[in-house]
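Here is a short tour of one protein model, written for a first look. Keep the sequence and the 3D view open as you read.

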Amino acid sequence: MDTRQLQIPPPKNWQDFEDLIQALFKAIWNDPLAQKNGRSGQPQHGVDVFGSPAHRYGVHHGVQCKGKDQAFGAPATLAELRDELAKAEQFEPSLEQWIYATTAPVDQALQAEARRLSAERATKGQFTVTALGWQEIEQLLCEHPKVLAQFYPGQAFDVPALLTSLKAIAASASPQPVSGSVDWAPVRFDPRRDLGPALLGRALGPADAAACPRLSEADLAVAELEVGYAVRLVGEPGSGKSICAYQAAETLAAQGWNVVRLTDPRAAPSALDAGPGKTLFLIDDAHLTSASLLRQAEDAAGSDRLLLSTHSAQGQDPVARGAIAIDRARAVRTIAAALRRDSTLAAVVRRLDNHVGDGIGDEDLQYRIDAAETAAEYPWQFCFILGGGWRRAEQSATNARLAGADLVLAAAAVRQLASRDARPELAELQEISRAAGIGDEASACAVAWLCEERLLIGPGDLRCPHQRFASVVLFKILEGQTSEGQAQIGAMLRHVLASPIYPLAGISVLLGEVRSGSGGRRWAHLAPPDALAPLIARCWKSVADAERGAAALIFATLEGFLPNWPTALLEGREDKVADWLSQPTGGSAYGLARLLHALWRDEAAAERVLHRADACAMARAISSVTSEDAFELGELASAVRPLADNVWARTYRSSLDHQALRQLAAKWPSEQPLFRLINLCKAVVWADESLGLDMVEAFLPQAQAELANDPVESFHELQDVAWHVLRVFDPLGAYAKRYPPGPRHRALAGQMLSRLDPIELARRLSAARLREFQQVSFLLAFARIARPRLFRAALAALDWARLSETIGDRWDRLPHDAEVLLGVAYDDGRNRAAIEAVVAANLHRITSLPARIAMVAPAAAETYFDQGGLIAIGAGDHVEWLFGAAVIAHWAERRPDQVERLLEPSLQSVAKALSRAHLSFYDEAGVFLQILQAHAPGVLQRVLDSICVETAAVGWLAALKGKAATQQAAAVLVEAGLARTDAAGDLARRLRKQFPRASRPT
């Protein structure tokens, strides 16, 4: 029977009628982006559904849905038609055609009035009018069987074109695919692949079924196939339905079933030759298959011929009765849980993103999984985040440029950053794109392509897959543009910055990204000062605490945009900022702190603002801190600089509430991270050292318990207490001279480690991951001073073999933190033999031996050198001055004839460093140069042969004007150059004449 002979009942309620009309006109207009107009309760201006036919995205058609007759109430009337038409006149942008669709029967008078109105309006250049009764809607449904199948699954299969193409199912009790069939292909699950294709976002097939975490819907599909013989898997694009189908198919294949797949779901498949055995027929993307043919095949399925099909549907599309819907949110959770247990995952992820792993500076894999689970709404988006899709942003930008979609992708990225990752509507992206001169039709086509390529999440969510991707791809797009294209992106940026609809917190993120730039380039010129004026005016009007904090962050960021910052910004506004500072809260404190820190680069401006603030009010606010906002108010307290000896600072210090702050530290909630409290302590100790130490003493029991439970991870939080509050651990020597620790500092440091058992500590340290070696080194260095016995006992019990294996292949180029750990252990003479042994055991792995390791394992270094290995004293323009000096001294004593060969690979690095204009390159060079002059003067002359005299002249002059250490380095160079007859000699003689005393080595 032809579907046109069917009696299709109207939907039972107006909501279902609107859903049906939206789906139907998506198909009629061929517009997947057709949308409902607003939501229930909002004015809709005579339009319930709107879209753009045939991808003409600059043109809009609209439909007004009216449920009538016995199902919904009164019949459709001419008055109602005219009334809704008047409302449709208010729809923006104006329509090209308006359709009045009703569930009432066809009414000749209504149709005639619609034709009259349409003809009359066409002569005036106004949109045309069409009236559709239920019979016309029935005809349209029959012409679009996919929509009919969605809403009337019982009607959609009754079509005269029966399943001749699937005769294998209808005619045979035991079908089996024949190799080489045009329509059906055998499915093979071997050879199997790992997760790499999934993480790259590639289309997945049967070879990926085992590697991908199994979705629960796969088991449900198998169970229902065993009972009902035919199953539909329905889900949104990217929800995992295809891989779920292959997982179910693999289960059946393991049970002896043959599995075949329809090669083209859009074409009617031909008959199959039958063979022995049981067969599962698989149709992926069956939403492209004729609904009637599919239903006929499902009816023919039986105990030895099963049919499994997958269907794409958007979030609001109805699911056919009996289908298994893929829950994308549950799929994401399932994938995340399974991958946390997958021991092979790390290697796969590192192939795509070598910033993930256990190495130093790497992002922890479990953290990346957590981040992906939190942010992703689809399995493919989870894979994108897990695999660091932003690392491939350059290729994405190139692909988008070739497709003509790069500027619209830039618009989406700008908008995503500014909106704090909120979902946009197509109209919003089109508005931003229009600022760059891109028409609505062009931007809509670009959006469709970007969704198809998964550079945007999908038609219902026009964001980039991750905010990090949005940031990176924006700059990759900018880098690939002509000046004209960059100007277009600048226009979009300025449009967003001037718009009041984006939160100030999001604008601050966007400005920060633009200021930071990429690839050594800055893009602040895209937002010139005049374009920032509306934003600045908006910021000054901020009232709410969070808005003030965001405004302050923006003001701090504008240092990179305004040439006369902060003068132009603060002129006439200093009292306003002072008022904000006098009323800090957790919502505003962080932004105010960043602004105040930035202002200190112009001390006069910072003092003018700060001294107008109410010192007592600020101190009271900081004293009233809670565990939730301790970090933010600690940041503000650190920006105050309370050590100054003036009335404002003394008032601030005296107004701090000692009892409240001590009580906060003593009763710190165990569920709150300690770093928040520690940040506050760091600030308080500089205002009132005794109070800061009181706070440390108050939370000491909790710190002791945390360290005993997990010494490595806990010290990562507590190291700031050891370093900046107690100042016992001072790796950079920042406090040693001016602020050395006193007896109380040392006593508190010792108490902090008092609950650690050395054997258990050694076990925990030995099990540390490579990325934790810095914490291990810092904890040992702290213990060496705070509890020397603990330090020695823990070192003696370290499992060096385990630590060596943790380094593993990284011995090839030993990471800095591993060097530091070996150096810290070397400080205890009783461990030197063990260190020497572990280095010697790994010489075969080492490509170049760092100077520090050559110093702590000298015998192993000599063996390595004799085997032709390289001792790395310098690389690039970096030289290990101190460790290099120690190595040269050792070689000069034991192997004086080999010093030149030792230094040969590092000569150019030494010459580059001594050619630098910046003073810092000469801070530690003095001892090295003295030893070099004493033991290898010929090598020093060869260094002088290679220096760049022009830049060296600036650096040597600065060094001679600097402190004693830099003077000593420059003096050796001048002395060594006096006898030369080249430009280096001329420089040496000029400097000796200019600095007769400072240029003489001591």
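Five rings, F715, W723, F729, F778 and F782, form one aromatic cluster. The model is a predicted one. Across the whole structure, a search finds 20 aromatic pairs. A pair of aromatic rings is described by the distance of the centres and the angle of the planes.

Take F50 and F91. Their ring centres are 5.6 Å apart and their planes meet at 55°, so the pair is tilted. This pair links distant parts of the chain, 41 residues apart. F50 belongs to strand β2 (residues 49-51), while F91 sits in the loop between α3 (78-88) and β4 (97-102). F50 counts as buried because its relative accessibility is 16%, under the 20% limit. F91 is buried as well, at 7%.

W686 and Y735 make another tilted pair, with centres 6.0 Å apart and planes at 35°. Again the pair links distant parts of the chain, here 49 residues apart. W686 lies in helix α33 (residues 674-687). Y735 lies in the loop between α35 (711-725) and α36 (743-752). Is each ring buried or partly exposed? W686 is partly exposed at 22% relative accessibility, whereas Y735 is buried at 13%.

Charged side chains also meet rings. The table gives two cases in which an arginine lies over a tyrosine.

| Arginine | Ring | Distance to ring centre |
|---|---|---|
| R594 | Y590 | 5.2 Å |
| R832 | Y826 | 4.1 Å |

Next, the nonpolar interior. The largest nonpolar core holds 277 residues. Which of them touch the most other members? They are L558, Y652 and F699. Helix α17 (residues 406-418) supplies the largest share of this core, 10 residues. Another core lies apart from it and has 23 residues, including A23, F25, A101 and W134.

Now the strands. Strand β9 (residues 279-283) has 5 of its 5 residues buried, so it is largely enclosed by the rest of the structure. In a regular strand the side chains alternate between the two faces of the sheet. In β9, T279, F281 and I283 point one way. L280 and L282 point the other way, and all of these residues are buried.

Which strands pair with β9? Strand β8 (residues 258-262) joins it through 4 bridges, in parallel. There, R261 stands opposite L282 of β9. Strand β10 also pairs with β9 in the parallel sense, over 5 bridges. In that pairing, F281 stands opposite L307 of β10. A helix connects to this picture too: β9, helix α11 (residues 291-300) and β10 make a right-handed β-α-β unit.

β10 (residues 305-312) has a further parallel partner in β7, joined by 6 bridges. V234 of β7 has H311 of β10 as its bridge partner. Strand β7 (residues 230-235) is mostly covered, with 5 of its 6 residues buried. β7 also runs parallel to strand β11 (residues 324-325), joined by 2 bridges. L233 stands opposite I324 of β11.

One last residue is Q15, found in helix α1 (residues 14-29). Why does Q15 count as partly exposed? Its relative accessible area is 37%, and the class covers values between 20% and 50%. The C-alpha atoms of Q15 and C65 are separated by 9.6 Å, with the two residues 50 apart along the chain.

Notes
Residues numbered from 1 in each chain as written. Predicted model: local features only at pLDDT ≥ 70, side-chain atom pairs only at ≥ 80, totals over all residues. Heavy atoms only, no water. Buried < 20%, exposed > 50% of the residue type's maximum accessible area, 1.4 Å probe, protein only. Pairing = 2+ DSSP bridges. Phe/Tyr/Trp six-rings, centres within 6.5 Å; stacked < 30°, edge-to-face > 60°. Lys NZ or Arg CZ within 6 Å of the ring centre and 35° of its normal. Core = buried A, V, L, I, M, F, W, Y, C linked by side-chain atoms within 4.5 Å. Right-handed = clockwise from strand over helix to strand, strands pointing away.
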